[in-house]
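Colleague: I am new to this structure and would love a close look at one part of it. Could you pick a single element and walk me through its surroundings?

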Amino acid sequence: DDPALQRLALEEVARRRDPGSAAAVDRLARTATDEGVRAEAVALAPRLRLRVVGGATAPPRWLPPLERALVSAIDGDGGQVLLIIRRAGAGVFLFADFFHNDDFGLKDTFGATWANADQVEAMTEALEGDGIPLVEVDEAVARGVLAHAVARNVALGRQLPPAFELWEPLAHDAYPAAPDEPVVAPELDDAPYAGRAELLEVSDELLEHPFFDAWFFNPDEMGPALLDVPQPGRSGHLTDRQFRPLIERLVPPETRRQLRGRLRRQAWLLERDGDEEDRDRALAAAAALADEAPTPPYQHPLLREMVVISLVNLSGLLYLE
């Protein structure tokens, strides 16, 4: 986040007039924290796309063929990993790893230009060994994941990690990317599932699925939320007297909208993974989080079960301490 350095970079890009830089300059125009840098980037981006009428056009630079693109299931913070692997030659691969979540947008990016098959396999196995399920996707979906992440950076006023611009080209077959290349948003519509009470009632069972292992409220959220909550009765079971103040504090309107979006994106991954039953539960749970939904959040089965799991986690943490 150094405006002086960003201006120097923009000057060099303007001098070279490389059309492959236009997309990066567009992103800087939307994410730079310095108003002057944003203005310079806004002015430069269209100039990079200008062509001399009747003049020769430089051919696109083709990237090595795609080997695999993988996305992880979405965790409880909206976090997701995207891996893009391209075959550079016999037994040699380029790869890029992107991580984003709802609190940061694109948080981290790294990659390698020379990896062998064992290294690539070890990387994917390490993720799955850490309990992070991976789903195979195509390049259009990978670009949709990155578009969603960049949009979060824009909405939050956060700059992109500088390394992102080094590795983002791997999401395209050629650079500059074709203006009409497909981009698929990996998200399903929940509108047809509004009012599906029979699915909503069993939406708490989603938390038994590996894709939802990390769907709970963190201890630092639960502790303060418990301060004004009445103690349960003799049975020890939570009722609306406990669920209502807890969920109202833990799931304010903006968080509810984020959870709804996460569920729609998770539903897409469940469908891609061939799990239509849990896809339908996720979409019914998402529809019931709409602002106009008749079910109040404190009566939402999935949210209630997330609270129960979070309390169990918190009690276990206190016991260990």
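Modeller: Happy to! Let's take helix 4, and start with what packs over it: the cover on its buried residues includes strand 2 (66-72), strand 3 (80-89), strand 4 (92-101), strand 5 (105-116) and strand 6 (134-137). Please keep in mind that this is a predicted model.

Which residues of helix 4 are buried? They are Val120, Met123, Thr124 and Leu127. These four cover an arc of only 85° around the axis, so they sit on the same side of helix 4. If you turn to the face pointing away from that buried side, you will find the exposed residues Asp118 and Gly129.

Now for the helix as a whole. Helix 4 runs over residues 117-129, which makes 13 residues. From its first C-alpha to its last it reaches 18 Å, close to the 18 Å expected at 1.5 Å a residue.

Both ends are worth a visit. At the N-terminal end, Asn116 acts as a cap, with a side-chain oxygen 3.1 Å from the backbone nitrogen of Asp118. Asp118 is also one of the exposed residues on the outward face. Beyond the other end, helix 4 is followed by Gly131, which has a positive phi, near 80°.

From here we can step across to one of the covering elements, strand 4. Asn101 lies in this strand. Is Asn101 buried or exposed? Its relative accessibility is 7%, and buried means under 20%, so Asn101 counts as buried. The side chain of Asn101 makes polar contacts with two backbone nitrogens: that of Asp103 at 3.1 Å and that of Phe104 at 2.9 Å. Leaving aside residues up to four places away in sequence, Asn101 touches Asp77, Gly78, Gly79 and Lys107.

For a companion to helix 4, look at helix 10, residues 253-272. Its 20 residues should span 28 Å at 1.5 Å a residue, and the end C-alpha atoms are 29 Å apart, which agrees. A glycine with positive phi turns up here too: Gly274, just after helix 10, has a phi of about 85°.

So, back to where we began: the buried residues Val120, Met123, Thr124 and Leu127 share one side of helix 4, and the strands that cover them include strand 4, where Asn101 lies.

Terms used:
Residues numbered from 1 in each chain as written. Predicted model: local features only at pLDDT ≥ 70, side-chain atom pairs only at ≥ 80, totals over all residues. Heavy atoms only, no water. Helix = DSSP H or I, 4+ residues; strand = E, 2+ residues; numbered from the N terminus. Expected span 1.5 Å × (residues − 1). Buried < 20%, exposed > 50% of the residue type's maximum accessible area, 1.4 Å probe, protein only. Arc of directions from axis to C-beta. Contact = heavy atoms within 4.5 Å. Polar contact = N/O pair within 3.5 Å; in protein donor to acceptor, adjacent residues only side chain to side chain.
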